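Trainee: Got a minute? I'd like to go through this structure with you.
Mentor: Sure, pull it up.

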Amino acid sequence: MGQTGTGKSRLSIDLAIRFSGEIINCDKIQVYEGLDIITNKVSHEEQSGIPHHLLGVINPNEEFTSSDFRRVAMHAIESILARKRLPIIVGGSNSFIEALVDDDELEFRSNYDCCFIWVDVSLPLLHSFVSKRVDQMVNFGLVTEVREFFEPSGDYTRGIRRAIGVPEMHRYLQLESSVDEETREKLLEVAIDQIKINTCTLTMRQLQKIYRLRSLPGWNIHRVDASQVFLLLDGRDVDDAWDKIVVAPSTLRVAKFLYGTDDDQDQTADIVVPTTDSFLKNAIMGMVVAATQ
C-alpha cells in the first residue's frame, strides 16, 4: 500500500524475487492498456521476470469497477496458488484492495490471511519527488502519448481518460494548432503545473484512506518509512539505502508472517516459499502502497 510515487512497485518486485511471488496490480488506472508513461507502469525490464497480473490488460474505453477487480483478482490469486507461488497485491487504489479483502460475502478473509505493508514517505519529500517525476514524464513523451488519446469531446469520467495528466492536457491539445508559440508554451506550462497539483492532491487523499483502513478491525498495516531514501535520491548510495531501509524490514515482516520468525532474526537471504498446499491456501500477502491512482 501507499501513496503514488513511494516505491511500492519496486518493493513488490524485490519481495516477489525473495519469496517466489507473482504480482497482482491493484491500481485502477494501470489496469488499462495504454498511456504507459503517464500512468507510470512498471516496464518489462523493471519487472525482472516476475509475472504481473492485471497490468495494462483492460480496454482503455471500458469501465473496470472495484467489483470487477475483486472477481478478476480472486481468479488470479487462485491461479497463482495453484502454481505454488505467493500472490503479492500492489497498488495505490485502496478502494480496490478494500473491496477484495472486505467483500460482502467475506470470501477473501474466510480463505486467506493477509500481511499489509505500507510504504510511506513524508509529504514534502514525496510532493517534490512526484513533481520532478512529472517533468521526467514530459521529457519521456507525455504530450505525444496523451495526444494519441485526445478527443475534443472526450469523456474524462470513464476508463483510462480519468488518469491524472489526461484531462489536464485537454485545453492545450484543443488549442495547440490554432495559437502562436508563446501562447502554446503558456498553455503547456499551465497543464503541467495542474498535473503536479492534482498528483500531490492525490497523495493526500491516498494517505487519508490508508489512515482510515488502519483504524478498521482486521487491518494491521505495517508502516515502512522510506523518507530517508528519498533524501538520497540524487546520491550514489540510494540503492543501498533502499535495501536497508525498505527492503530489509519488509522482508523480515513477510518472513515473520509466513514462517513465524522473530523480527530480529536475519531472514533476508535465500528465503524460499514452502510449497505445501496447506501453506499456500492461507498465505496471501496483500500490499497496499501508494500509487498514482
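Mentor: A term to start with: a salt bridge is a side-chain nitrogen of Lys or Arg within 4 Å of a carboxyl oxygen of Asp or Glu. Keep in mind that this is a predicted model.
Trainee: How many salt bridges does the structure hold?
Mentor: It holds 14. Take Arg10 and Asp239, whose closest N and O atoms are 3.0 Å apart. That pair links distant parts of the chain, with Arg10 in helix α1 and Asp239 in helix α10, 229 residues apart.
Trainee: Is Arg10 buried or exposed?
Mentor: Partly exposed, at 36% relative accessibility. Asp239 is partly exposed too, at 44%.
Trainee: And what about Asp36 and Lys41?
Mentor: Their side chains meet in a salt bridge, 3.2 Å from N to O. Lys41 is buried, with a relative accessible area of 13%. Asp36 is partly exposed at 44%.
Trainee: Where do Asp68 and Arg71 lie?
Mentor: Both are in helix α2, three residues apart, about one turn of the helix. They form a salt bridge, at 3.4 Å between the closest N and O atoms. Arg71 is exposed, at 53%. Elsewhere, shared partners join Glu22, Arg83 and Arg85 into one network.
Trainee: New topic. How much space lies in the largest pocket?
Mentor: About 1200 Å³. It is lined by 44 residues, and among the closest to its centre are Phe129 and Arg133.
Trainee: Which element gives the most to the lining?
Mentor: α5, with eight residues. The lining draws at least three residues from each of domain 1 and domain 2.
Trainee: How do the lining residues divide?
Mentor: Into 18 nonpolar, 15 polar and eleven charged.

Terms used:
Residues numbered from 1 in each chain as written. Predicted model: local features only at pLDDT ≥ 70, side-chain atom pairs only at ≥ 80, totals over all residues. Heavy atoms only, no water. 1 Å grid on protein atoms, 1.4 Å probe; cavity = no way out; pocket = protein on both sides within 12 Å on 5 of 7 lines; lining within 4 Å. Points joined across faces, edges and corners; volume = space filled by probe spheres on them. Helix = DSSP H or I, 4+ residues; strand = E, 2+ residues; numbered from the N terminus. Nonpolar A, V, L, I, M, F, W, Y, C, P; charged D, E, K, R; others polar. Domains from an automatic or database assignment. Buried < 20%, exposed > 50% of the residue type's maximum accessible area, 1.4 Å probe, protein only.
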